[in-house]
Amino acid sequence: MNLTPSNQTNLYGLGNNLELFISLYKKDKLPNKILLSGQKGIGKSTLAHHLINFILSENEDHPYDQSNFRINELNKSFKLVKNNVNPNFQLVDIAPGTKSINIDQIRDLIKNINKSSLNDKPKFILIDNTEFLNKNSINALLKDLEEPTKNTFFILINNQKKLLPTLTSRCINFNIHLSYSNSILVINKLLNEDIFHIINDELIDHYFSPGNIYTLYNFANSNNLDIKKTNLETFLKFIIKNNFLKKETSLRYIFYNYIELSLRNTSIKLKNNYYSYFTKKIDELKRFNLDEETFFIEFNDKILNG
């Protein structure tokens with residue numbers, strides 16, 4: 001299974017949010033600069049794709065099914081967006097193997113903004129993983145974000161990361177949430193199974209999103225790992241031993257989530273300050289791009305083998 005926001009035709013758990021945006025659109029009050037903020041993996045980008053399809057599929061064959069929050073796979077606009085060739089839609093996201101959304105991506109975006117749209121429909125710019133915009137990219141974007149061309153909408157996705165005020169001040173922020181119980185319902189629908197029957201309880205945490213669990217499930221299948229029989233300690237030893245933090249850079253946030261879960265559990269069990277000690281080191285690793293080998297030697301010694 002390879003679900004992405006662009007091909008996820010069902011919207012689970014966020015129907016009320018979509019209804020709000022549809023209502024604003026019908027009243028001609030939909031903001032043209034929207035910031036969707038919330039935990040990574042709860043479906044913010046999927047929500048954006050469903051809103052965009054609702055609007056672009058109006059007066060087309062096979063329009064959006066609002067009553068079931070479902071995109072019709074036969075819809076023309078959906079097919080064009082899915083293949084990234086819809087003149088009314090442009091996606092900007094961090095490229096695989098890179099550390100930021102670079103200025104060239106924004107320059108390409110700016111060139112395309114002024115191109116005519118199809119059938120005079122609204123044009124949508126979706127910027128996913130906005131926290132990966134670097135300062136140069138943000139500065140290049142600000143003018144068009146300040147004064148978008150007519151009938152152009154920007155939707156920015158923020159995964160609970162701190163963004164520059166020069167960016168956030170130009171957008172209307174909407175906080176998106178999923179409760180733990182709703183997260184479980186969503187992941188069960190995505191996998192069409194009860195996750196407690198296929199995933200070890202130690203790998204299911206109240207703080208994890210459906211996207212976290214879905215990604216874990218696919219990672220385990222790809223690496224022949226039985227995650228029903230694999231507890232948290234065994235999982236962490238597996239990813240460290242096989243150097244997956246370097247091999248699977250797009251999954252680093254998942255791996256670090258499990259490292260922090262292990263630290264929380266260990267600190268509670270041993271009543272020590274390992275959580276604060278190691279999370280500070282993790283923050284320094286990310287901010288200063290430090291070598292991880294020393295960190296994992298110490299983590300393995302004090303936490304996994306402690």
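This note concerns helix 14 with its two packing partners, and then the residue P148.

1. Basis. The model is predicted, so local features are restricted to pLDDT of at least 70 and side-chain atom pairs to pLDDT 80 or more, whereas totals for chains, interfaces and linings use all residues. Residues are numbered from 1 along each chain as its sequence is written, and side-chain values use heavy atoms, with hydrogens and water left out.

2. The two sides of helix 14. In helix 14, which spans residues 293-304 (helices being DSSP runs of H or I of at least four residues, and strands runs of E of at least two, numbered from the N terminus), the buried residues are F295, F296, E298, F299, I303 and L304; buried means under 20% relative accessible area, exposed over 50% and partly exposed in between, with a 1.4 Å probe and protein chains only. These residues lie on the same side of helix 14 because they cover an arc of only 165 degrees around the axis, taken from the directions from the helix axis to the C-beta atoms. The face turned away from that buried side carries the exposed residues E293, T294, I297 and D301.

3. Packing against helix 10. Helix 10 (residues 232-241) packs on helix 14 at an angle of about 160 degrees, with the axes 12 Å apart; axes are lines fitted to C-alpha atoms, for helices over the stretch in contact, and angles run from 0 to 180 degrees between N-to-C directions. The two helices are therefore roughly antiparallel, a term for angles over 145 degrees, against under 35 for roughly parallel, 65 to 115 for roughly perpendicular and oblique for the rest. The contact (heavy atoms within 4.5 Å) is made by E233, L236, K237 and I240 of helix 10 with F296, F299, N300 and L304 of helix 14.

4. Packing against helix 13. Helix 13 (residues 274-288) and helix 14 pack at an angle of about 165 degrees, with their axes 12 Å apart, which makes helix 13 roughly antiparallel to helix 14. From helix 13, the contact is made by Y274, Y277, F278, K281, I282 and L285, and from helix 14 by F295, E298, F299, K302 and I303.

5. P148. This residue is found in the loop between helix 5 (135-146) and strand 4 (152-158), and P148 is buried, with a relative accessible area of 19%. Leaving aside residues up to four places away in sequence, P148 touches N32, K33 and F154. The C-alpha atoms of P148 and N114 are separated by 9.7 Å, these residues being 34 residues apart along the chain.
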